[in-house]
Amino acid sequence: MNKCWGTVLDDGLELDFYGTVKNDNLIVVGLNLTYFFSLTKDPVVERLLSHAMELPPDLLPQREIVPLKVEIAGRRITVDSPRPGVSTTLAYHENFESGRAVSSRNHLTVVGEGVTTITLRYPYLKEGAAVSAAGALLLVLLLWRKRGDDAWKTEEKTEPEQTDRPGSAS
């Protein structure tokens with residue numbers, strides 16, 4: 001760690017568990033402290049986590065529910081938002097295309113004010129369909145050929161005629 005804010009001794013080794021890595025925006029909180037705090041509400045761990053996030057423990061982010069009109073038809077998603085920068089709670093995909101600004105925040109789609117039409121584009125759809133069709137055709141040909149190779153197994157084998165052996169009673 002670049003800046004270490006906390007260590008623990010384990011088997012004679014001093015282990016860093018709390019601090020920054022590479023820059024001040026990457027904070028490592030080890031030892032599962034967030035889970036521990038959620039169970040115990042330990043005030044010491046609360047202060048450590050508040051220091052890491054630079055937030056007082058009782059401050060929650062401002063959130064507001066914004067009503068959106070969302071219509072899905074085929075490969076198109078139309079979102080009507082009354083305000084800019086609204087999270088739609090739709091999972092963001094790299095194959096989204098739109099004439100308006102569409103972005104991702106926490107893997108969710110964020111749209112601007114007004115009507116935004118998102119089209120799902122599949123860049124290799126035709127190529128993928130052609131390869132799949134060729135693979136299916138090849139499979140059919142291989143199975144047909146195998147059936148021809150195994151035809152001798154299904155033919156009835158004729159028993160050789162029995163001849164009377166000397167000394168056998170008829």
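**Exercise 1: aromatic pairs**

Task: In this predicted model, work out how many aromatic pairs there are and how the rings of Trp-5, Phe-17 and Tyr-18 are arranged.

Solution:

Step 1. Start with the tally: the ring-centre rule gives three aromatic pairs.

Step 2. Take Trp-5 and Tyr-18. Their ring centres sit 5.3 Å apart and their planes meet at 65°. Planes over 60 degrees apart count as edge-to-face, so that's the label this pair gets.

Step 3. Check where the two residues live. Trp-5 belongs to strand β1 (residues 3–10) and Tyr-18 to strand β2 (residues 13–21), so the pair ties together parts that are 13 residues apart in sequence.

Step 4. Now try Phe-17 with Tyr-18. Here the centres are 6.3 Å apart and the planes are at 25°, so this pair is stacked.

Step 5. Put it together: Trp-5, Phe-17 and Tyr-18 make up one aromatic cluster.

Step 6. Add accessibility. The cut-off for buried is under 20% relative accessible area. Tyr-18, at 1%, is buried, and Phe-17, at 13%, is buried too. Trp-5 has 34% and is partly exposed.

**Exercise 2: a charge over a ring**

Task: Find which residue lies over the face of Phe-37, and at what distance from the ring centre.

Solution:

Step 1. The residue to pick is Lys-41, which lies over the ring face at 5.4 Å from the centre.

Step 2. Keep Phe-37 in mind for the pockets, since Phe-37 is also one of the residues lining the second largest pocket.

**Exercise 3: the open sheet**

Task: Work out the strand order of the four-stranded open sheet, and which strands stand at the edges.

Solution:

Step 1. Write down the order: β4-β5-β10-β7, with antiparallel pairing.

Step 2. Read off the ends. β4 (69–73) and β7 (96–97) each have a single partner strand, so one side of each has no neighbour in the sheet.

Step 3. Walk across the pairings. β4 and β5 are joined by five bridges, with Val-70 opposite Val-79 in β5. β5 and β10 share six bridges, and Thr-78 has Thr-117 of β10 as its bridge partner. β7 and β10 (residues 114–120) pair over two bridges, where Phe-96 partners Leu-120.

Step 4. Look at the turn. The β4 and β5 hairpin has two residues between its strands, and Gly-74 there takes a positive phi near 60°.

Step 5. Sort the faces of β5 (residues 76–81). Ile-77, Val-79 and Ser-81 make the covered face, while Arg-76, Thr-78 and Asp-80 make the uncovered one.

**Exercise 4: two pockets**

Task: Describe the volume and lining of the largest pocket and of the second largest pocket.

Solution:

Step 1. The largest pocket holds about 360 Å³ of space. It has 16 lining residues, and the closest to its centre are Arg-63, Glu-64, Val-86, Ser-87 and Arg-105.

Step 2. Sort that lining by class: seven nonpolar, five polar and four charged. β6 gives the largest share, three residues, and both β6 (86–91) and β9 (108–111) supply at least two.

Step 3. The second largest pocket comes in at about 220 Å³. Its lining includes Phe-37, Glu-46, Met-53, Leu-60 and Pro-61.

Step 4. Sort again: nine nonpolar, one polar and one charged. Helix α2 (residues 43–53) contributes the most here, with four residues.

How values were computed: Residues are numbered from 1 along each chain as its sequence is written. This is a predicted model: local features need pLDDT of at least 70, side-chain atom pairs count only at pLDDT 80 or more; totals for chains, interfaces and linings use all residues. Side-chain values use heavy atoms; hydrogens and water are left out. On a 1 Å grid over the protein atoms alone, a cavity is a set of points where a 1.4 Å probe fits but cannot get out, and a pocket is an open set with protein on both sides within 12 Å along at least five of seven lines; lining residues have an atom within 4 Å of a point. Grid points are joined across faces, edges and corners, and a volume is the space filled by probe spheres set on the points. Ala, Val, Leu, Ile, Met, Phe, Trp, Tyr, Cys and Pro count as nonpolar, Asp, Glu, Lys and Arg as charged, and the others, Gly among them, as polar. Rings of Phe, Tyr and Trp (its six-membered ring) pair if their centres lie within 6.5 Å; planes under 30 degrees apart count as stacked, over 60 as edge-to-face and the rest as tilted. Buried means under 20% relative accessible area, exposed over 50%, partly exposed in between (1.4 Å probe, protein chains only). A charge sits over a ring if NZ of Lys or CZ of Arg is within 6 Å of the ring centre and within 35 degrees of the ring normal. Two strands pair if DSSP finds at least two bridges between them.
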